[in-house]
Amino acid sequence: MKQSKYISLIAMLCVAFSIKAQVSTFGANYVISIPMGNTADFIGLPSYRGASFEYTYVPDDHFGVHVEGGWNNFYEKKEKTTYEYKTLAVTGIQYRYVESVPIFVGANYFILPEAIVKPYVAFGLGLIYTEKRNDVGLYTLSSDSWQFGLKPELGVAINLTENTFFKLSAKYYQAFKTNDLDAQSFLGVNMGLAFMVQ
Amino acid sequence: MNKPISLLMFLAVSALFAGCYRDEPVYTSDLDLVVTNYQKDFAFSTKTTFSLPDSVVLISDENYDGTISYAKPTYGNTILAEIRSNMLANGWVEVDKNANPDVIILPSVSQTTNVFYYYSYSYWSWYYPSSYYPGGWGWYYPGYYFPPTTSTYKTGSVFIQMTDPSNAATSDQLPVVWTAVINGLLEGNTTSIQGRISTSIDQAFKQSSYLKK
């Protein structure tokens with residue numbers, strides 16, 4: 001019963017607003033990123049420093065294409081610890097940084113384009129510039145690379161006014177290994193506003 | 001500017017500042033580094049006696065003529081005392097350098113002053129005659145528009161080398177069987193630097209358990 005109540009609420013919202021066909025939106029998001037894979041091995045803490053910007057063109061009710069750019073700063077201080085490598089032992093505080101700048105193009109599919117709460121799925125391809133840095137004592141070990149990346153995305157766009165939206169989405173970024181850097185991945189939780197530009 | 005756009009701009013600008021902010025080391029001790037290494041096949045367990053010199057050698061650029069400088073006793077004595085107490089605590093016996101010690105420990109220090117010099121890209125700039133600068137070409141003095149600024153910081157390293165004099169017969173070089181390098185900022189008052197040197201030397205021994213008897 002409870003479930004059907006929610007369904008009827010969503011159905012009511014569906015008829016309340018309708019999105020115009022052939023629209024473009026510009027959006028800015030605050031991003032919290034959760035490191036995964038190799039990125040998580042290097043930095044275990046989530047990043048609260050990130051932003052993304054999106055331009056989405058929706059020629060059809062259901063389908064859209066988008067361009068996205070953003071950045072995410074991961075940081076973790078590793079307290080004074082001794083790291084051993086063969087006969088070598090190094091003790092110091094480590095300041096670890098990963099800076100990730102994704103630049104993507106992709107496609108969106110809006111499941112309920114007529115609803116106020118518009119769930120969507122998206123998929124993107126692009127490049128991710130990653131700089132990985134480890135400051136130990138007065139020394140810095142760093143490597144950086146442009147990596148090819150994939151991005152599946154799941155989200156909702158909620159109408160605040162007829163041409164303003166609140167957007168909440170989860171984007172999983174996978175950057176592939178290059179000669180300079182191992183594969184990186186993280187999950188970006190995006191929240192922000194988008195507004196129609198035409 | 002309408003409301004959604006200004007809200008969006010606010011969000012974007014906030015995110016921009018949040019994204020650029022980074023944490024950095026706060027205390028000079030946060031930058032202290034202790035590195036140790038040892039010769040794998042050296043039988044530390046069979047050695048029992050050590051010897052220490054009276055002073056700590058200062059490695060500097062000014063020693064071209066072959067003269068030897070020494071570290072200030074305020075730091076040199078701290079370094080020697082700390083090495084001695086750690087070696088004794090590890091079960092070694094100190095002997096005179098002429099009493100055929102199993103190992104001789106040679107400490108040295110070095111100091112570097114790093115200078116940063118910031119100046120505008122138009123450090124020495126020059127221009128061709130044009131309608132703006134009639135009358136010929138010319139140039140600016142450095143810092144004419146943006147005065148250059150400088151800043152310096154000092155870094156210091158302590159090197160502790162444990163040598164094996166019994167294997168020195170074949171050449172003039174002494175084999176180094178254990179080495180510790182301590183590196184950090186040489187900033188702050190004497191007591192604070194002495195404290196950091198002591199802590200780091202203790203750490204060097206702590207992470208070298210093979211030196212324990």
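**A nonpolar patch, two strand residues and a helix**

Strand β5 of chain A contributes the most to a nonpolar patch on the surface, supplying three residues. The model described here is a predicted one. The patch is made up of I103(A), F123(A), L125(A), L127(A), W146(A), F148(A) and F176(A). Together these residues have about 680 Å² of accessible area. Strand β6, which covers residues 139–161 of chain A, joins β5 in supplying at least two residues of the patch.

One member of the patch may be examined individually. F148(A) belongs to strand β6 of chain A. Its relative accessible area is 44%. Buried residues have under 20% and exposed residues over 50%, so F148(A) is classed as partly exposed.

Strand β5 of chain A, residues 117–136, also contains T130(A). Is T130(A) buried or exposed? The relative accessible area of T130(A) is 2%, and this residue is therefore buried. The side chain of T130(A) makes a polar contact of 3.4 Å with the side chain of Q147(A). When residues up to four places away in sequence are not counted, T130(A) touches V98(A), E99(A), S100(A), S143(A), D144(A), S145(A), Q147(A), L181(A) and Q184(A). Q147(A) thus appears both in the polar contact and among the residues touched by T130(A).

Attention now turns to strand β4 of chain A, which spans residues 88–110 and includes A107(A). With a relative accessible area of 41%, A107(A) is partly exposed. Which residues are in contact with A107(A), leaving aside its neighbours within four places in sequence? They are G64(A), V65(A), H66(A), V121(A), A122(A) and F123(A). One of these, F123(A), is also a member of the nonpolar patch. A107(A) and F63(A) lie 44 residues apart along the chain, yet their C-alpha atoms are separated by 7.3 Å.

Chain B offers a helix for study. Helix α2 of chain B comprises 17 residues, numbered 73–89. What span should these 17 residues have at 1.5 Å a residue? The expected value is 24 Å, and the end C-alpha atoms are 23 Å apart, which agrees. The buried residues of this helix are Y75(B), G76(B), T78(B), I79(B), L80(B), E82(B), I83(B), N86(B) and M87(B). An α-helix has 3.6 residues a turn, so residues three or four places apart point the same way. Just after helix α2 of chain B, G91(B) adopts a positive phi of about 95°.

Terms used:
Residues numbered from 1 in each chain as written. Chains lettered and ligands numbered in written order. Predicted model: local features only at pLDDT ≥ 70, side-chain atom pairs only at ≥ 80, totals over all residues. Heavy atoms only, no water. Helix = DSSP H or I, 4+ residues; strand = E, 2+ residues; numbered from the N terminus. Expected span 1.5 Å × (residues − 1). Buried < 20%, exposed > 50% of the residue type's maximum accessible area, 1.4 Å probe, protein only. Polar contact = N/O pair within 3.5 Å; in protein donor to acceptor, adjacent residues only side chain to side chain. Contact = heavy atoms within 4.5 Å. Patch = residues over 30% accessible without salt bridge, like charges linked within 9 Å, V, L, I, M, F, W, Y side chains within 5 Å. Areas by Shrake-Rupley, 256 points an atom, 1.4 Å probe, with all protein chains shown as cover. Salt bridge = Lys/Arg side-chain N within 4 Å of Asp/Glu carboxyl O.
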